[in-house]
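Reader: Hi! I'm new to reading protein models, and I'd like a close look at a single part. Please pick one spot, stay with it for a while, and then show me how it fits into the rest.

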Amino acid sequence: MSITITDHASQQIQVMMKEESEGAYLRFGVKGGGCSGLSYSLGFEYDINQELDTTEVINGIPVVLNNQDIPIIEGTTIDFKQNMMGGGFSIDNPNAIISCGCGSSFRTKDKAGVPGDC
């Protein structure tokens with residue numbers, strides 16, 4: 001298993017998936033940008049490329065990962081935290097050596113990306 005989805009995150013994703021069409025996957029990955037060079041990408045996906053993607057069911061959630069992103073996100077935990085200001089997903093990536101204050105931008109030892117707006 002490449003990533004972990006906590007029970008809280010799984011519950012929230014399942015609620016969100018009820019508004020999606022049948023056959024939706026949660027796509028988690030990495031894109032260039034953000035103040036540290038790389039940013040996380042989290043959304044729903046219907047089209048899977050069997051040559052470029054890996055699919056797994058993680059804590060009851062059908063997940064798709066781009067094969068190139070797996071070394072960057074290996075061991076990452078996706079959680080959902082609720083507080084008085086609302087709630088949101090948090091991502092704990094053990095491969096990130098630098099993260100910025102916004103919490104969604106990072107850099108790894110081997111991948112720096114290209115910094116952009118956070």
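Author: Happy to help! One term comes first: a strand is a DSSP run of E with at least two residues, and strands are numbered from the N terminus. With that in hand, let us begin at S2, which sits in the segment before β1. Please keep in mind that this is a predicted model.

Is S2 buried or exposed? The cut-off for buried is under 20% relative accessible area. S2 has a relative accessibility of 9%, so S2 counts as buried. Next, look at what surrounds S2. Setting aside residues up to four places away in sequence, S2 touches E56, L65, I70, I73, E74, G75 and T76. With E56 there is also a polar contact between the side chains, at 3.4 Å.

E56 leads us on to another residue. I61 touches E56 too, along with I5, S10, I13, Q14, M17 and L26, again leaving out residues up to four places away in sequence. I61 also belongs to the largest nonpolar core, which has 20 residues. Which members of this core touch the most other members? They are I3, I5, F28, I61, V63 and L65. At least two core residues come from each of β1 (3–5), α1 (7–17), β2 (25–32), β3 (38–45), β5 (61–66), α2 (70–73) and β6 (76–83). You have already met L65, one of the residues that S2 touches.

Now for strand β4, which covers residues 53–58. T55 is found in this strand. Partly exposed is the class between the 20% and 50% cut-offs. T55 falls there because its relative accessibility is 38%. Leaving aside neighbours within four places in sequence, T55 is in contact with Y25, I48, V63 and V64. The pair T55 and Y25 is a good one to find in the viewer: 30 residues separate them in sequence, and their C-alpha atoms are 8.5 Å apart in space.

After β4, N59 lies in the loop between β4 and β5. What is special about the backbone of N59? N59 has a positive phi of about 50°, although it is not a glycine. Most residues other than glycine have a negative phi. N59 has 34% relative accessibility, so N59 counts as partly exposed.

Back in β4, D53 brings in the charged side chains. The structure holds 2 salt bridges. In one of them, the side chains of R27 and D53 meet at 2.8 Å, N to O. R27 lies in strand β2 and D53 in strand β4, so this pair ties together parts that are 26 residues apart in sequence. E45 also forms a salt bridge with R27, with the closest N and O atoms 3.1 Å apart. That pair links distant parts of the chain as well, with E45 in strand β3 and R27 in strand β2, 18 residues apart. R27 is buried because its relative accessibility is 19%, and D53 is buried too. Through shared partners, the salt bridges join R27, E45 and D53 into one network.

For a contrast, turn to the surface. M16, L42 and F89 make a nonpolar surface patch of about 210 Å². L42 has its place in strand β3. With a relative accessible area of 36%, L42 is partly exposed.

G88 is another residue to find, in strand β7 (residues 86–92). G88 is partly exposed because its relative accessible area is 28%. Not counting residues up to four places away in sequence, G88 touches D79, F80 and K81. G88 and Q12 are 76 residues apart in sequence, yet their C-alpha atoms are 9.4 Å apart.

Finally, step back to the whole chain. There are 2 helices and 9 strands, and from the N terminus the order is β-α-β-β-β-β-α-β-β-β-β. Of the 118 residues, 35% count as buried, S2 being one of the buried residues. Among contacts with a separation of 6 or more, 56% join residues 24 or more positions apart. The accessible surface of the chain comes to about 7000 Å², and 48% of this surface belongs to carbon and sulfur atoms.

Key:
Residues numbered from 1 in each chain as written. Predicted model: local features only at pLDDT ≥ 70, side-chain atom pairs only at ≥ 80, totals over all residues. Heavy atoms only, no water. Helix = DSSP H or I, 4+ residues; strand = E, 2+ residues; numbered from the N terminus. Buried < 20%, exposed > 50% of the residue type's maximum accessible area, 1.4 Å probe, protein only. Contact = heavy atoms within 4.5 Å. Core = buried A, V, L, I, M, F, W, Y, C linked by side-chain atoms within 4.5 Å. Salt bridge = Lys/Arg side-chain N within 4 Å of Asp/Glu carboxyl O. Patch = residues over 30% accessible without salt bridge, like charges linked within 9 Å, V, L, I, M, F, W, Y side chains within 5 Å. Areas by Shrake-Rupley, 256 points an atom, 1.4 Å probe, with all protein chains shown as cover. Polar contact = N/O pair within 3.5 Å; in protein donor to acceptor, adjacent residues only side chain to side chain.
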